[in-house]
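Subject: Structure handover

Hello,

Here is the structure I said I would pass on. Please open it next to this message, since the notes refer to it throughout.

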Amino acid sequence: MGIRNKLFLIFLGTFLILTLAASGFYYFSFVRSLDTYLDERQEEQVGRLAEHLGSLYQQNGSWTFLLEDPRRLGRLYRLAGDDDQEHGQRGEMRHLQLLDRQKTILIGRPARARLRSEIPVEAQGEIVGYLTHPNQDAIRDKLADRFRDRQRGFMSWMVAVGVGLSLLVSWLLARHLVAPLLALTRHAQTLQGGDYSTRLADPRKDELGTLSRQLDQLAERLEQGQQARQRWFSDIAHELRTPVAILKGELEALVDGIRPLNQEAIQALESETGQLAHLIDDLHDLALADGGNLRYQFQHHDLAALTREVLDSYQHQLDQHKLTLESRLPEQADARIDPVRIRQLLDNLLQNTVKYTSDGGQLQVQLQQAGSQWQLVLEDSAPGVPDDALPQLFDHLYRVESSRNRRTGGAGLGLAICLRIAEAHGGSLTAAHSPLGGVKITLTLPGATP
């Protein structure tokens with residue numbers, strides 16, 4: 001059974017129960033109110049008759065005036081307000097009984113004491129008799145019965161209208177609630193089929209609208225992921241094609257005898273092979289990092305000493321490019337890191353500086369403590385990067401099409417690997433413009449916990 005039918009039955013059952021409960025409550029409340037009204041009317045009417053009989057008894061001194069003419073009691077009762085014209089045998093009123101002061105029946109049919117109510121008849125302050133009247137089933141008149149029948153008919157019509165409205169409202173509500181669910185289902189099936197371009201754009205402000213917007217965001221992320229994956233494969237193919245094409249050209253030149261087979265040619269082939277191997281290693285590391293499978297061995301280590309060692313190893317390359325190094329490092333910076341991966345991160349950052357910074361520039365390295373974290377800041381001089389390129393520096397295979405371009409080599413994977421290493425350490429890696437004219441890279445790592 002579909003959800004629409006389930007909701008329809010739930011709403012219909014709920015409305016029917018409420019309709020029947022309200023109708024039943026109204027009917028029984030009306031019946032009780034009517035019985036109470038009739039009781040009060042009867043009691044008031046009999047009370048007036050008791051007062052009148054008391055006056056007549058006082059005038060006659062006994063009940064002889066009634067015993068000689070029992071029909072007189074009925075006439076007196078009608079004068080007190082009764083419209084019922086039905087009489088018992090010998091003209092006696094079947095609703096009333098007249099008792100003397102010893103409660104002996106003088107007029108009327110005998111009735112059980114528990115089914116009747118007694119009203120004393122007083123004359124000169126003394127009780128001279130009693131008037132009794134039975135329960136409502138015995139005294140209800142035809143007018144009350146007709147009124148009750150009309151109310152039953154009205155209740156039947158009200159129940160029928162309530163059932164019809166319940167059917168209509170239940171169907172409309174079920175349709176209204178299921179419509180967005182069906183739209184969500186169709187949209188999910190579209191996404192399952194690989195089409196991520198469609199959007200629901202539901203303006204609803206309730207939970208279903210929130211779910212629709214979240215599903216649209218999911219579709220957007222999937223579309224972006226699909227585009228990124230396609231671009232990723234295209235870029236990888238391009239990056240691999242370049243060194244392979246160079247190797248192929250060099251080998252063809254050697255085979256055809258265009259280029260002599262000497263030490264210089266072998267070194268050129270070795271350089272291209274190394275470039276290709278480096279690219280493959282970077283791709284492998286990045287794939288492991290994206291999948292969370294890059295292995296780390298965390299330990300307490302001196303981050304300042306590690307940074308100092310890496311800078312010392314690059315001093316020769318910095319001198320070759322006439323780059324001035326200025327470092328401000330503390331004596332010790334205890335942190336819980338993987339020294340191998342942090343060294344790999346620092347290598348990538350310094351290689352970028354050596355490759356991209358113009359000769360005669362400068363490099364500033366500063367390590368400082370910020371609360372419970374360590375901040376390592378590397379700033380180099382011109383050339384810099386455009387504003388729109390800063391957020392993309394850590395994307396896969398991204399290169400700035402400016403002075404920092406492919407003329408110096410590189411596939412645009414180093415910074416992406418650096419970001420994954422920083423995140424694996426619970427830190428962050430950001431890029432900004434440097435006051436020196438180049439790029440400012442800030443690495444934040446948590447300090448060592450006791």
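Below are notes on strands, helices, side-chain contacts and the surface.

One caution before the details: the model is predicted.

Strands

The strand pairings are easiest to follow from S6. Strand S6 covers residues 324-328 and runs parallel to strand S8, residues 362-370, with five bridges joining the two. Within that pairing, Leu325 has Leu363 of S8 as its bridge partner. Leu363 also stands opposite Asp380 in S9, which brings in the next strand.

Strand S9 spans residues 373-381 and pairs with S8 in the antiparallel sense, over eight bridges. S8 and S9 make a hairpin, and two residues lie between them. Gly371 is in that turn and has a positive phi of about 70°.

From S9 the pairing continues to S11, again antiparallel and over eight bridges. A residue pair to locate here is Gln375, which stands opposite Thr444 in S11. S11 is also joined by six bridges to strand S10, residues 428-433, and these two run antiparallel. Ala432 has Lys440 of S11 as its bridge partner in that pairing. S10 and S11 form a hairpin with three residues between them.

How many residues of strand S11 are buried? The count is seven of the 10 in residues 437-446, so S11 is largely enclosed by the rest of the structure.

Helix H11

Helix H11, residues 414-424, is likewise largely enclosed by the rest of the structure, because nine of its 11 residues are buried. The buried residues in H11 are Gly414, Leu415, Ala416, Ile417, Cys418, Leu419, Arg420, Ile421 and Ala422. Note that Arg420 is in this buried list. Just after H11 comes Gly426, with a positive phi of about 80°.

Salt bridges

The structure has two salt bridges by the rule applied. In one, the side chains of Glu309 and Arg343 meet at 2.9 Å, N to O. This pair links distant parts of the chain: Glu309 is in helix H8 (residues 303-313) and Arg343 in helix H10 (residues 339-356), 34 residues apart. Glu309 is partly exposed at 44% relative accessible area, and Arg343 is partly exposed at 30%.

The other salt bridge is between the side chains of Glu326 and Arg328, at 3.0 Å, N to O. Glu326 is partly exposed, with a relative accessible area of 35%. Arg328 is partly exposed too, with a value of 40%.

Aromatic rings

What does a search of the whole structure find in the way of aromatic pairs? The search returns one. The pair is Tyr57 and Trp63, with 4.8 Å centre to centre and 50° between the planes, and it is tilted. The label follows from the angle, because planes under 30 degrees apart would count as stacked and those over 60 as edge-to-face. Tyr57 is buried, with a relative accessible area of 14%. Trp63 is buried as well, at 8% relative accessibility.

A ring also takes part in a contact with a charge: the charged end of Lys103 sits over the ring of Tyr130, 5.2 Å from the centre of that ring.

Helix H5 and the nonpolar patch

Helix H5 covers residues 142-192, and Val161 is found in it. Val161 counts as partly exposed, at 48% relative accessibility. Val161 also helps make a nonpolar surface patch of about 610 Å², together with Leu165, Leu168, Val169, Trp171, Leu172 and Leu173.

Met158 is found in H5 too. Its relative accessible area is 30%, so Met158 counts as partly exposed. The C-alpha atom of Met158 is separated by 8.7 Å from that of Thr19, although the two residues are 139 residues apart along the chain.

For a quick look in the viewer, three places to start are the hairpin of S8 and S9, the salt bridge between Glu309 and Arg343, and the nonpolar patch that includes Val161 and Trp171.

Regards

Conventions:
Residues numbered from 1 in each chain as written. Heavy atoms only, no water. Pairing = 2+ DSSP bridges. Helix = DSSP H or I, 4+ residues; strand = E, 2+ residues; numbered from the N terminus. Phe/Tyr/Trp six-rings, centres within 6.5 Å; stacked < 30°, edge-to-face > 60°. Buried < 20%, exposed > 50% of the residue type's maximum accessible area, 1.4 Å probe, protein only. Lys NZ or Arg CZ within 6 Å of the ring centre and 35° of its normal. Patch = residues over 30% accessible without salt bridge, like charges linked within 9 Å, V, L, I, M, F, W, Y side chains within 5 Å. Areas by Shrake-Rupley, 256 points an atom, 1.4 Å probe, with all protein chains shown as cover. Salt bridge = Lys/Arg side-chain N within 4 Å of Asp/Glu carboxyl O.
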